[in-house]
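Got your viewer open? Let's take a short walk through this model, one selection at a time.

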Amino acid sequence: ALTTALQDSHISSAALDVHATEPKMHAGLLELARQGRVLLTCHNAGGTVDTHKGFEELSMRNIMAVLSGSEAITPVNLQFLKK
């Protein structure tokens with residue numbers, strides 16, 4: 001829908017840092033980027049110092065929970081763990 005709106009000039013330009021199929025980007029958006037109508041960057045909203053500190057703290061809280069016999073606070077990839 002966004003690509004069509006840009007191609008039909010309903011929208012003049014766009015800037016995106018999140019893509020539905022990362023790291024592969026939509027071919028239509030890539031072409032519009034080559035034309036200078038779209039700015040495409042990698043997702044970097046989590047790049048602040050405070051965000052990184054929060055990631056580290058949450059990681060440590062997860063580790064401490066698991067090592068003490070509790071469940072992880074924010075588990076991921078549970079499908080890979082043996083039950």
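Below are three stops, each with something to select and something to look for. Keep in mind as you click that this is a predicted model.

**Stop one: T3.** Start by selecting T3, which sits in helix 1. Is T3 buried or exposed? Its relative accessibility comes out at 11%, and the cut-off for buried is under 20%, so T3 counts as buried. Now show what is around T3: leaving aside residues up to four places away in sequence, T3 touches H26, G28, L29 and L32.

**Stop two: I11.** Next, move along to I11, in the loop between helix 1 (2-7) and strand 1 (14-16). Turn on the neighbours here too. With residues up to four places away in sequence left out, I11 is in contact with L2, A5, L6 and R37. If you like distances, draw one from the C-alpha atom of I11 to that of A1: the two residues are ten apart along the chain, and the separation is 11 Å. I11 has a relative accessibility of 31%, which falls between the 20% and 50% cut-offs, so I11 is called partly exposed.

**Stop three: the patch around M60.** Finally, select M60, I63, M64 and L67 together and switch on the surface. What do these residues make? They form a nonpolar surface patch of about 440 Å². For a closer look, pick out M60, which belongs to helix 3 (residues 49-67). The relative accessible area of M60 is 46%, so this residue is partly exposed.

How values were computed
Residues are numbered from 1 along each chain as its sequence is written. This is a predicted model: local features need pLDDT of at least 70, side-chain atom pairs count only at pLDDT 80 or more; totals for chains, interfaces and linings use all residues. Side-chain values use heavy atoms; hydrogens and water are left out. Patches are made of residues with over 30% relative accessible area and no salt bridge: like charges are joined within 9 Å, nonpolar side chains (Val, Leu, Ile, Met, Phe, Trp, Tyr) within 5 Å. Accessible areas come from the Shrake-Rupley method with a 1.4 Å probe; for residues, only the protein chains shown count as cover. A salt bridge is a side-chain nitrogen of Lys or Arg within 4 Å of a carboxyl oxygen of Asp or Glu. Helices (H or I, at least four residues) and strands (E, at least two) are DSSP runs, numbered from the N terminus. Buried means under 20% relative accessible area, exposed over 50%, partly exposed in between (1.4 Å probe, protein chains only). Contact means heavy atoms within 4.5 Å.
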